[in-house]
Amino acid sequence: MTSAQQGHKAGDGSAAILYADRLTKDYGQFRALDALSLQIKPGEIFGLLGPNGSGKTTALRLFLGFLQPTAGTARIAGHDCWSQGVQARRQVAYLPGELRLYENMNGRQLLGFLGELRGDKPLQDLARLANAFDIDLSRPIAHLSSGMKRKLALMLVLLPRTPLLILDEPTNTLDPTMRDQLLEQLRQARAAGQAVVFSSHVLAEAEEICDRVGILQQGRLVHVQSMRELREVHRVSAALGRPPAIMPELPGLRIVERNGHTLVAECAGTLAPLLSWLAEHDAHSVRMEPLGLSPIYRRYHGAPGNGASA
């Protein structure tokens, strides 16, 4: 998928674990989310990208039934997220962007307490996840650093094995090693058939883990991108020995820049026809690299501040 319109597929969403149809949220005269339509299937990781204020957290809160939509609907496993909020949330494990934990408990007590509230005791993965995240569950939560609290919260999300995980900026405060461990745990969740929806500011992170991403701009879903398709697109830069009289017309080719002897293009699919054309024009200093999300993101939001995050 390469456009926002492909996020608006026809159908009733019966095959989707998460289904949104023209989901809208107004705060007075301010429209925080504008007619979001989206379907997420089991076994899919979907990333919501955009700067602060673009509508990411509003969308997640509407999915969870924490906010009443101004218009449109959202359903999780067939349950309306607002009118059937309890049934919908039983299918979800949620990580908020700002944590509020019971700091009068230790990690093990909190995991047990919340497991009992859900009506399950998913302790079979407790030791494995504690080891993976390198966390001592016997320590009082009040004595944990912000990063350790984040890791404990991630365990709370991963342990129940719900059909859907909703994560708001999940790698905040994690060091690179724990970030990689979290992404591995999300891959395992996907392999087990769970769906994951998360917001992120980190483009490289979304490129690495997501099956699809959606870019939000001022509350509107302006682009939905299949990462498998994007990985087949390359950016090619070349200096030409002789300027071409006409530019090549090749399938999947888009000329980004043409300036005398310099050519920059994006090419989807096989590169062989373009490379043959470049050879005919005595090209040198040819550089090829995967396109990545950054050029697409810049179409809507300009260059990320450090080249790596949204």
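This briefing covers backbone angles, the surroundings of one helix, and the cysteines. The model is predicted. Two aspartates, Asp 134 and Asp 282, have a positive phi. The number of disulfides is zero.

**Backbone angles in loops**
- Most residues other than glycine have a negative phi.
- Asp 134 is not a glycine, yet its phi is positive, at about 55°.
- The loop that holds Asp 134 runs between helix H4 (126–132) and helix H5 (146–158). Asp 134 is exposed there, with a relative accessible area of 57%.
- Asp 282 also is not a glycine and has a positive phi of about 55°.
- Asp 282 sits in the loop between helix H9 (272–280) and strand S14 (284–290). With a relative accessibility of 45%, Asp 282 is partly exposed.

**Helix H10 and its surroundings**
- Helix H10 spans residues 294–301, and its buried residues are Ser 294, Pro 295, Ile 296 and Tyr 297.
- Among the elements that cover these buried residues are two helices, H7 (203–209) and H8 (227–230).
- Strands S3 (45–49), S9 (212–217) and S10 (220–226) are also included in that cover.
- Gly 302 comes just after H10 and has a positive phi of about 75°.

**Cysteines**
- A disulfide needs two cysteine sulfur atoms within 2.5 Å, and the count by this rule is zero.
- For Cys 210, the closest cysteine sulfur is that of Cys 81, at 20 Å, so the two are too far apart for a bond.
- Cys 210 is buried, at 2% relative accessibility.
- Cys 267 is buried as well, at 3% relative accessibility.

How values were computed:
Residues numbered from 1 in each chain as written. Predicted model: local features only at pLDDT ≥ 70, side-chain atom pairs only at ≥ 80, totals over all residues. Heavy atoms only, no water. Helix = DSSP H or I, 4+ residues; strand = E, 2+ residues; numbered from the N terminus. Buried < 20%, exposed > 50% of the residue type's maximum accessible area, 1.4 Å probe, protein only. Contact = heavy atoms within 4.5 Å.
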